[in-house]
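Trainee: I should like to learn how to read a protein model step by step. May we work through one together?

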Amino acid sequence: MKITILDDYQNIIKSLDCFQLLKNQNVNILHITEKDPEKLAVLIGNSEIIVLTRERTEISNQLLQHLPHLKLISQTGKISNHLDLQACTENKVLVAEGVGSPIAPAELTWALLMNTVRRIPQAVEGMKNGNWQMNIGNTIHGKIIGIWGYGKIGQKIAQYAKVFGAKVLVWGSESSRNKAIEDGFEAAKSKDDFFKTADIISLHLRLNENTWYIVKEEDLMNMKEGSVFINTARAELVQKNALLNVLKSGKNISAGVDVYEDEPIYDKNFELLHMKNVICTPHLGYVAKEGYELYFGKAFENVINYINDNPTNIANPEVLKTEFNPTKR
């Protein structure tokens, strides 16, 4: 079967150990991101299977209409709102869901947090330009780290904070707050209290219809002077332009950002890149070799199982129950 793997920015997928699972297949790998559905459909061609690199490409009904040969979409990681599962079902395309891991995202979050708080990139850049100790950062010890969303990643961040001698303040759903209290941490009394109290705020929410633009401009304006805002979760959790507006207002906060509404970003003039109190990373949260082996390994395994007439981890099994049999098409 012809298989197309999308969005291999780094040209790394062929070097993964797990790629050997596809060694006898006809595999095409796209190294650029094409946003236009019609142009993307041309690149995918008559592929019967596509493998997604996380959420880099939107799978819409418009795209699916141009892919009559498509039988299976194999997702690396978990399905999110980049993929219209109902449209896939209506177009009789199976979707195989992958696995996720909190390890790489949590480690990246902590690294970004540390770099933002201690202002390490600015110091490194200053030294390259002949400046010595041009700025001063802060320590983590003794600070209040606010975590919004106490899932697997948020829980790891809380433990990192504990090791560094910081106090943890959790905001989120009632179950999240209760879990945090059970684990020996403190829950904020309200969202307002959360933003006004924490020295460092890190977002760890899933993006859905209830969390889209959940962080408002006024929330960021309520942050303490000299505080830090970290977002390695989803850009759309923050109201459009809210962070930029607050930073440009003169509000004394710093930010560490790993996610953006329109990715990838190749524009050297992207505004956040030129702010001295902002550190930007190119969506590295899940980008680690171990994570790629895990994500793509499971996605390729789902592909091979499908080819062998044994579909696994299917998110829309109702397609299999119709008279239409995708494995025999």
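Mentor: Let us begin with a definition. A crossing of two helices is left-handed if the near helix is turned anticlockwise from the far one by less than a right angle, and right-handed if clockwise. Please keep in mind that this model is predicted.

Trainee: What is the handedness of the crossing of H4 and H6?

Mentor: Helix H4 covers residues 103-118 and helix H6 covers residues 152-163. Their axes come within 9 Å. By the definition just given, the crossing of H4 and H6 is right-handed.

Trainee: Are H4 and H6 roughly parallel, roughly perpendicular or oblique to each other?

Mentor: The axes of H4 and H6 cross at roughly 45 degrees. Angles under 35 degrees count as roughly parallel, and 65 to 115 as roughly perpendicular. The two helices H4 and H6 are therefore oblique.

Trainee: How many residues of the contact of H4 with H6 are nonpolar?

Mentor: On the side of H4, the residues involved include Ile103, Pro105 and Trp110. Among their counterparts in H6 are Ile153, Ile157 and Tyr160. The residues of this contact comprise two charged, one polar and, as the number requested, eight nonpolar.

Trainee: Is Lys152 buried or exposed?

Mentor: Lys152 belongs to helix H6. Its relative accessible area is 66%, and a value over 50% counts as exposed. Lys152 is therefore exposed.

Trainee: Which strands stand at the edges of the sheet?

Mentor: Seven strands form an open sheet with parallel pairing, in the order E8-E7-E6-E9-E10-E11-E12. A strand at the edge has a single partner strand, so one side of it is left without a neighbour in the sheet. The edge strands are E8 and E12.

Trainee: What angle does the direction of helix H7 make with that of E7?

Mentor: Helix H7, residues 174-182, packs on the sheet. There H7 touches strands E7 and E8. The angle between the directions of H7 and E7 is about 155 degrees.

Trainee: Which residue stands opposite Ile145?

Mentor: Strand E6, residues 144-148, pairs with strand E9, residues 200-203, in the parallel sense over four bridges. The partner of Ile145 lies in E9. That residue is Ile200.

Trainee: What is the omega of the cis peptide bond that joins Glu263 and Pro264?

Mentor: Pro264 is found in the loop between strand E11 and E12. The bond joining Glu263 to Pro264 is cis. Its omega is about -5 degrees.

Key: Residues numbered from 1 in each chain as written. Predicted model: local features only at pLDDT ≥ 70, side-chain atom pairs only at ≥ 80, totals over all residues. Heavy atoms only, no water. Pairing = 2+ DSSP bridges. Contact = heavy atoms within 4.5 Å. Axes fitted to C-alpha atoms, helices over the stretch in contact; angles between N-to-C directions. Parallel < 35°, antiparallel > 145°, perpendicular 65-115°, else oblique. Nonpolar A, V, L, I, M, F, W, Y, C, P; charged D, E, K, R; others polar. Buried < 20%, exposed > 50% of the residue type's maximum accessible area, 1.4 Å probe, protein only.
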